[in-house]
Amino acid sequence: GILGVGAKRDRVVAMTNTGGDTLHITSITSSSPDFAPRPTKQVLASGTMFNDTIRFTPTETGPRSGFIVVQSDSWTSPDTIRVSGTGTGTAVMDVPSKRFSFGYVRLTTFKDTNVVFANSGLDTLKITAANASNSAMTITPGVSAIPPGKSLTQRIRYTPKVPGTINARIVLLSNAPSSPDTLFLTGIGFGEVDVTLTPQSIAFGKVTVGQRKDTLIDVKNGG
């Protein structure tokens, strides 16, 4: 049947000696670590039976199968029993921090930071989309698959396009129950200042003491 990864389920298999002599079962083994027989040896008098327990403990998600091999002094030995089951699990997205501040970044340049995604669940974490609310923020590689117990580092890049503060979000879609997960980003873009004064020299001429004389200066920011 279907069982969560790491959980256990037992099934009983009846083994009968229908012959006229004592049956010596010397070993009962499994071809798969997902299935374990108990006990693994038995002596059966003629006409008797015993119940062997087969325990299913899925180690991975998805279909699992194998064979229980019974070695004995029967002329049919080795006898095999086919066993199967399905392991299920849930992916869990763990992110140490979901808020990132890039501070001041000059226009025409960029600044990177890393975010680590960990999968503490029992199924592969599949990030199917990573959508940014502002084109100044990008994440690479975005779409990815993270096996259980593993982590992946992704890069977030801020490339300011205009001066000023931006608050952006990156929304991650995945097969985790928490989906959609959101990263919150902020950054401040600034440009160069290039001041030009016109004229670059001023002559006021003669001005009576105590009087004043005004002139105009054109201040231009070419940055």
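**A guided tour from valine 207 to tyrosine 158**

Begin by selecting valine 207, which is placed in the loop between strand S18 (195-198) and strand S19 (218-221). Please note that the model on the screen is predicted.

Is valine 207 buried, partly exposed or exposed? Its relative accessible area is 37%. Because buried means under 20% and exposed means over 50%, valine 207 counts as partly exposed.

Next, keep Val207 selected and add Leu197, Ile202, Phe204, Ile217 and Val219. Together with Val207, these residues make a nonpolar patch on the surface, with an area of about 490 Å².

Now turn to the largest pocket, which holds about 180 Å³ of space. To display its lining, select Met15, Thr16, Asn17, Thr18, Gly19, Leu23, Ile25, Val70, Ser72, Ser74, Thr76 and Asp79. Which strands each supply at least two residues of this lining? They are strand S2 (9-16), strand S3 (23-30) and strand S7 (62-72). Colouring the lining by class will show 4 nonpolar, 7 polar and 1 charged residues.

For the last stop, select tyrosine 158 in strand S15, which covers residues 151-158. Tyrosine 158 has a relative accessibility of 1% and therefore counts as buried, since the cut-off for buried is under 20%.

Finally, add methionine 137 to the selection and display the C-alpha atoms of both residues. How far apart are tyrosine 158 and methionine 137 in sequence and in space? They are separated by 21 residues in sequence, while their C-alpha atoms lie 4.8 Å apart in space.

Key. Residues are numbered from 1 along each chain as its sequence is written. This is a predicted model: local features need pLDDT of at least 70, side-chain atom pairs count only at pLDDT 80 or more; totals for chains, interfaces and linings use all residues. Side-chain values use heavy atoms; hydrogens and water are left out. Patches are made of residues with over 30% relative accessible area and no salt bridge: like charges are joined within 9 Å, nonpolar side chains (Val, Leu, Ile, Met, Phe, Trp, Tyr) within 5 Å. Accessible areas come from the Shrake-Rupley method with a 1.4 Å probe; for residues, only the protein chains shown count as cover. A salt bridge is a side-chain nitrogen of Lys or Arg within 4 Å of a carboxyl oxygen of Asp or Glu. Helices (H or I, at least four residues) and strands (E, at least two) are DSSP runs, numbered from the N terminus. Buried means under 20% relative accessible area, exposed over 50%, partly exposed in between (1.4 Å probe, protein chains only). On a 1 Å grid over the protein atoms alone, a cavity is a set of points where a 1.4 Å probe fits but cannot get out, and a pocket is an open set with protein on both sides within 12 Å along at least five of seven lines; lining residues have an atom within 4 Å of a point. Grid points are joined across faces, edges and corners, and a volume is the space filled by probe spheres set on the points. Ala, Val, Leu, Ile, Met, Phe, Trp, Tyr, Cys and Pro count as nonpolar, Asp, Glu, Lys and Arg as charged, and the others, Gly among them, as polar.
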